[in-house]
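Biologist: I'd like to learn how to read a structure like this one. Could you walk me through it, feature by feature?

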Amino acid sequence: MLLPIGPDVMQQMQPVPEVVKNRHVYGWYCMVLLLIAVGCAEAVGGAVMAAFFFFFLAGIFVYLVLDSCKNMSMYCLLLVGIMAGFQSIFELMSLLAVINGRTNETTTMKGGDVNKGDSGTQEITYITKVTVHPLFDRSMGQKYNVQSGAIVASPIVLILCTLLCYISYNSYSSSLFEDDEEAGPINGGYGRGYGGYAPQSGRQAQSQRQATQQTRIFEGAGQRLGS
């Protein structure tokens, strides 16, 4: 997948804004604790892959905020925000599927040999029992309720992670998706807005000066020929 970023990559590597290092960093540490808590709940509930994902995401967050957010960049915020946002959609769909209750299926088999004449036939009967329990049910034990808590907490924590990435991304003075003739943050709330002045490049300014000189060739005071 190709991202529509500018031609000069090094120009986009801006220092981390002070508001991120002084204020947003506390939110990042809170997200690390929440991700670890959800990962532990997923591990207790038996969802090993889900637990690995939350621990992995917590590790990424720790890496970004270490040493006054030295490793944080706009690219990292964009990719982490997209990853957390997509995963929150799947987690939200799983929550909506069990919001009215979780089902438990048990299948029992009954069968035996039945002789008909000289040949014996075997009849096997399968009985499937479907039981619907509330999302939180004390009678189902601790593991069941921990699983339900993880199902509810997962999309909430991932949505908060996505919002935090979005807020920190918009704290930068420019955007990865800006045009050549326009610079500024995505929402125009920090730095230059969409309705403000956009600096021109050297080539654009030179072409504009040449056009101005060409229009002034025939300007000047008139002269009478002869006396």
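Modeller: Sure, and let's start with burial: 29% of the 227 residues in the protein chain are buried, where buried means under 20% relative accessible area, exposed over 50%, and partly exposed in between (1.4 Å probe, protein chains only). Keep in mind that this is a predicted model, where local features need pLDDT of at least 70, side-chain atom pairs count only at pLDDT 80 or more, and totals for chains, interfaces and linings use all residues. Residues are numbered from 1 along each chain as its sequence is written, and side-chain values use heavy atoms, with hydrogens and water left out.

Biologist: In what order do the elements of the protein chain run from the N terminus on?

Modeller: Helices (H or I, at least four residues) and strands (E, at least two) are DSSP runs, numbered from the N terminus. Here the order is α-α-α-β-β-α-α, giving 5 helices and 2 strands.

Biologist: How do I read a single helix, say α1 with its 28 residues?

Modeller: Check its span against the expected one, which is 1.5 Å times one less than its number of residues. Helix α1 (residues 18-45) reaches 40 Å from its first C-alpha to its last, close to the 40 Å expected. Then look for a bend, the angle between axes fitted to the seven residues ending at a position and the seven starting there. At H24, α1 bends by about 55°. After α1 comes G46, with a positive phi near 95°.

Biologist: What covers the buried residues of α1?

Modeller: The cover includes α2 (48-69), α3 (74-97) and α4 (142-169). Among the buried residues of α1 are V20, W28, M31 and L35.

Biologist: Which residues touch the most other members of the largest nonpolar core?

Modeller: A nonpolar core is a set of buried Ala, Val, Leu, Ile, Met, Phe, Trp, Tyr and Cys residues joined through side-chain atoms within 4.5 Å. The largest one here has 31 residues, and W28, L35, L57, F61, C69, M72 and C161 touch the most other members. Helices α1, α2, α3 and α4 each supply at least two residues of this core, and α2 gives the most, with 8 residues. Take C161: leaving aside neighbours within four places in sequence, C161 is in contact (heavy atoms within 4.5 Å) with M31, L35, F61 and A84.

Biologist: How many salt bridges does a search of the whole structure find?

Modeller: General idea: side chains of opposite charge can pair when their charged atoms come close. The cut-off is a side-chain nitrogen of Lys or Arg within 4 Å of a carboxyl oxygen of Asp or Glu. The search finds 2. One joins E18 and K21 (3.3 Å, N to O), which both lie in α1, 3 residues apart, about one turn of the helix. E18 is partly exposed at 49%, and K21 is partly exposed at 27%. The other joins K70 and D67 (3.5 Å, N to O); K70 is exposed at 56%, and D67 is exposed at 54%.

Biologist: What is phi of S68, and what is phi of C69?

Modeller: Most residues other than glycine have a negative phi, and most peptide bonds are trans. Phi of S68 is positive, near 55°, and phi of C69 is positive too, near 60°. S68 lies in helix α2, and C69 lies in helix α2 as well. On burial, S68 counts as exposed at 52% relative accessibility, whereas C69 is buried at 0%.
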